[in-house]
Amino acid sequence: MPTPEFVLELRRSIGHDLLWLNGVTAFVSDDRGRVLLGRRSDTGQWALVYGINEPGEDPADTVVREVREETGVDVIVTDLAAVTSSREVVTYANGDRTMYMDHMFICRPDPSGNADPFVGDEEGLSVGWFDPGQLPAPLAQTTVERMARARTYLKRLHGGDAHALFVFKGLERPTAD
């Protein structure tokens, strides 16, 4: 998807200055335990589906929209797994500088929708379902980190603790028991 109009409008005012954006990540797994990944056209790396919120759009709606746009898969959001902020400034080829706050959601395919992935826009080169033990390469480092958070969250959830993960005073919370 091209750069959203609201970002272009902001960039007309601030140029390449640092811009803080709210983002979402979808950890989508099917009933066989496979994870939905897409190979990004900008990096060539495989990644979880992610994107940014439009003004006034709720993050859960954003994640559903992004998954549909990028993979054609219809999903249902089940959990908010983590809220984290990037520590690094991302500098794009055109010089734009950005940092992100990420809301990672656990999703599953909508049983009344499409579950067969296809490349839905110019952001992707390929998409598919993958067994967690046989993930494709190269895998984006941010996806490695986010998948670890998703696994931690799901392990805690199955143990009865549904608290989303977050960072407080430099430590990921909730801490291990």
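**View 1. The stretch that UniProt labels "domain: Nudix hydrolase".** An unreviewed UniProt entry lists residues 19-152 under this name; positions follow the numbering used here, feature names are shortened, and annotations may be inferred rather than shown by experiment. This is a predicted model, where local features need pLDDT of at least 70, side-chain atom pairs count only at pLDDT 80 or more, and totals for chains, interfaces and linings use all residues. Residues are numbered from 1 along each chain as its sequence is written, and side-chain values use heavy atoms, leaving out hydrogens and water. Over residues 19-152, the chain is 19% helix and 41% strand (DSSP runs numbered from the N terminus: helices are H or I, at least four residues; strands are E, at least two).

**View 2. An open sheet of three strands.** The order is β3-β2-β8, and the pairing is antiparallel (strands pair if DSSP finds at least two bridges between them). At the edges sit β3 (46-47) and β8 (124-130), each pairing on one side only. Six bridges link β2 (residues 35-40) with β8, and Arg40 stands opposite Gly124 in β8.

**View 3. Helix α2 and its neighbours.** How far apart are the end C-alpha atoms of α2 (residues 59-71)? They are 18 Å apart, which agrees with the 18 Å expected for 13 residues at 1.5 Å a residue (the expected span is 1.5 Å times one less than the number of residues). The buried residues of α2 include Val63, Val64 and Val67 (buried means under 20% relative accessible area, with a 1.4 Å probe and protein chains only). Right after α2 comes Gly72, with a positive phi near 75 degrees.

Key:
Buried < 20%, exposed > 50% of the residue type's maximum accessible area, 1.4 Å probe, protein only.
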